[in-house]
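User: Please take a close look at the pocket of this model, and then set out the sheet and the helices that pack on the sheet.

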Amino acid sequence: MNKRFKLIAPCHFGLEAVLKREIIDLGYEIDRVEDGRVTFIADSEGVARANIFLRTADRILLQVGERFKAYTWDQLFEGIKALPWEEYLPEDARFWVTKASTTKSKLFSAPDIQSIAKKAMVERMKTKYRKQWFMEDGADYPVRIFLLKDEVTVGLDTSGVPLHKRGYRQLTSKAPLTETLAAALIMLTPWRADRILVDPFCGSGTIPIEAAMIGANIAPGMNRSFTAEDWKNIVPKKDWYSAIEEANDVMLDHIEMDIQGYDIDGAMIKAARQNAIDAGVDHLIHLQRREVKDLRHPKKYGFIITNPPYGERLEEKEALPGLYTEIGEAFDRLDTWSKFVITSYEDTEKYIGKKANKNRKIYNGMLKTYYYQFLGPKPPRRKK
């Protein structure tokens, strides 16, 4: 039987429930859900599958140690040194603490945490491998450390480059959504591949592209690489091959969808087209330069999922009342549609002209945003 690990999947604050559902759907047992991360149990194949299939996780960490207390630098050193690093790091491993974060803890200097943790790891390795010097010329094993209320959690970063970097988006707009957040926004709606989806502020195309990938069941990580691919001592190559084979098997090659993206900026539409080509979904998306005031559609019961301008700069803020009024007028014309808007603009409902059925607080990086949900009527049931 394969060794089982605890894997930590960080995510945007406010999207833990979406990620939890994804992990359960992949067939793994949830260990714990906390603010901004979900911990679950999986084997080595699960490391590969989680990296390749999860749409809303920021990265996948293999937990080495958790919840030991460290109020002093000595306690941190001894706690890190006590972890079984030799079970994870081969003798030639290149290892370092790539990030340390600390919240509500007595130890608050991230550089010091990184430095002391590295020394503690080396001391453990010296004892176990019976040598005084390590060349560190093998595979990369980056380490991440979290302190929360003086409790330390330590993990190896299996992903490397963050998972929102799917490999298709070379060109971006000024304030792009990450691919992981765009996927989560879609998954928070009842949209399915047989329903129309329009993004009137598509920018570099992230929402339409992620929707097309969801509808066609294209695994988000199948066209990129991961740090743990070189960890032959933990994740055999066959596990990666097996996960990619599974991703190819479940893809829906012949699906047809009605997904549309519009933007006022022609250069962004051009960028979005190239990104859609690179993602392999350009045949599923119609992209066109168009202003939101011109938004109309003859069909009923469609979906709008969009990320309009927030007005982070003063001169942009002055244009927001007029812009959000135009959004409201477009929404009124599409009265049977469901509309979903993520924005930090506090007067969204005032200028759109109606109160959302629901809104959900989501942190886009450090920026607090709200996901407003204006729900349209359900379409009549189709006759069998």
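Analyst: **The largest pocket and the open sheet**

In this predicted model, the largest pocket (an open set of points on a 1 Å grid over the protein atoms alone, where a 1.4 Å probe fits, with protein on both sides within 12 Å along at least five of seven lines) has a volume, taken as the space filled by probe spheres set on the points, of about 1,200 Å³. Its lining counts 31 residues, each with an atom within 4 Å of a point, and Phe13, Asp35, Gly36, Ser101 and Phe146 lie nearest the centre. Two or more lining residues come from each of strands E5 (94-103), E6 (140-148) and E7 (151-157), strands being DSSP runs of at least two residues and helices of at least four. By class, eleven lining residues are charged, ten polar and ten nonpolar, with Gly counted as polar.

Seven other strands form an open sheet of mixed pairing (at least two DSSP bridges), in the order E10-E9-E8-E11-E12-E14-E13. Strands E10 (285-289) and E13 (358-364) are its edges, each pairing on one side only, and the twist averages 20° from one strand to the next, angles running from 0 to 180 degrees between N-to-C directions. Helix H6 (residues 206-215) packs on this sheet, touching (heavy atoms within 4.5 Å) strands E8 (197-199), E9 (259-263), E10 and E11, and its direction makes about 170° with that of E9. Helix H8 (residues 266-279) lies across E9 and E10, at about 165° to E10. Within the sheet, E11 (residues 303-306) and E12 (residues 338-343) run parallel and are joined by four bridges, and threonine 306 has valine 341 as its bridge partner in E12.

Residues are numbered from 1 along each chain. Local features need pLDDT of at least 70, side-chain atom pairs 80 or more, while totals for linings use all residues, and side-chain values use heavy atoms, without hydrogens and water.
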